[in-house]
Amino acid sequence: MAPVNNPMRERLLEAAAELFYARGLRAVSVDKVIEKAQTTKVTFYRHFKSKDDLIVAYLEVRAKLERDGVDAAIAHGGGDVAAALGLIAEAVGGLACTPGFRGCPFINAAAEYPDADSAVRQTVDAHRHWYRTAFARLLAPLDLDDPAGAGDDLMLIRDGAMVGGYLDEPGAIAASFLRSAKAVAGL
């Protein structure tokens with residue numbers, strides 16, 4: 001795999017991210033990504049072996065952004081679960097209110113790649129596993145009977161917020177997420 005700081009690879013990833021998120025993974029061809037990035041097929045295949053490799057790289061970039069945000073919220077909360085949940089709710093609500101919001105790219109990818117053995121689906125599953133463990137880590141100071149189960153509950157609430165932000169009123173997502181998350185945490 002090419003280094004992450006390779007400008008052409010980054011340009012391809014940026015073009016893919018914009019197209020994949022707006023139109024869907026399967027709807028966007030490699031040729032469209034190449035055209036948007038203003039490069040050639042040779043250059044594309046120098047950086048990615050296949051479209052699925054590009055999709056996995058796109059999802060890994062999105063995962064890093066989300067993980068950095070959640071980790072920052074947990075760290076900023078400093079053990080105050082309510083404060084950290086408030087920051088996460090604010091981020092989820094802010095994301096849902098951005099123009100062009102089309103839901104969670106991981107949920108969208110899972111819908112387009114139902115085969116659990118595909119590299120795309122394994123990337124989605126790895127990110128969702130990370131989220132569950134991050135939520136369990138966030139809830140650890142509360143000494144809950146089942147922090148893993150509560151982490152699963154928060155994951156479900158987060159998924160619902162992502163879908164609701166796309167289908168419902170995005171402005172209400174942060175408050176709804178926070179109320180639901182606090183109920184799970186017993187706060």
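Where is aspartate 143 found? Select this residue in the predicted model, and the view should centre on the loop between α7 and α8 (147–167), which is where aspartate 143 lies. Its phi is positive, about 55 degrees, although aspartate 143 is not a glycine. Most residues other than glycine have a negative phi. The relative accessibility of aspartate 143 is 67%, and because exposed means over 50%, aspartate 143 counts as exposed.

Next, select glutamine 38, which is found in the loop between α2 (30–37) and α3 (41–47). Here too the residue is not a glycine and phi is positive, near 55 degrees, and at 67% relative accessibility glutamine 38 counts as exposed.

From the loops, turn to a pair of helices. Two packed helices are described by the angle between their axes and the distance between the axes. Select helix α4 (residues 51–77) together with helix α7 (residues 119–139), whose axes come within 9 Å and cross at roughly 5 degrees. Angles under 35 degrees count as roughly parallel, and α4 and α7 are therefore roughly parallel to each other. To display the contact between them, show on the α4 side Asp52, Ile55, Val56, Leu59, Glu60, Ala63, Glu66, Arg67, Val70, Asp71 and Ile74, and on the α7 side Ala119, Val120, Thr123, Val124, Ala126, His127, Trp130, Tyr131, Ala134, Arg137 and Leu138. If these residues are coloured by class, the contact of α4 with α7 divides into 14 nonpolar, 2 polar and 6 charged residues.

Within this contact, pick out threonine 123, which is found in helix α7. Is threonine 123 buried or exposed? Its relative accessibility is 14%, and since buried means under 20%, threonine 123 counts as buried. Leaving aside residues up to four places away in sequence, threonine 123 touches Val56, Leu59 and Glu60, and these three residues are also listed among those that α4 brings to its contact with α7.

For the last stop, select helix α6 (residues 105–112) and show Pro105, Phe106, Ala109 and Ala110, which are buried. These four residues cover an arc of only 135 degrees around the axis, which puts them on the same side of α6. An α-helix has 3.6 residues a turn, so residues three or four places apart point the same way. What should be added to the view to see the cover over the buried residues of α6? The elements that cover them include α1 (7–23), α4 and α7, so that the tour comes back to the pair of helices whose axes come within 9 Å.

How values were computed. Residues numbered from 1 in each chain as written. Predicted model: local features only at pLDDT ≥ 70, side-chain atom pairs only at ≥ 80, totals over all residues. Heavy atoms only, no water. Axes fitted to C-alpha atoms, helices over the stretch in contact; angles between N-to-C directions. Helix = DSSP H or I, 4+ residues; strand = E, 2+ residues; numbered from the N terminus. Parallel < 35°, antiparallel > 145°, perpendicular 65-115°, else oblique. Contact = heavy atoms within 4.5 Å. Nonpolar A, V, L, I, M, F, W, Y, C, P; charged D, E, K, R; others polar. Buried < 20%, exposed > 50% of the residue type's maximum accessible area, 1.4 Å probe, protein only. Arc of directions from axis to C-beta.
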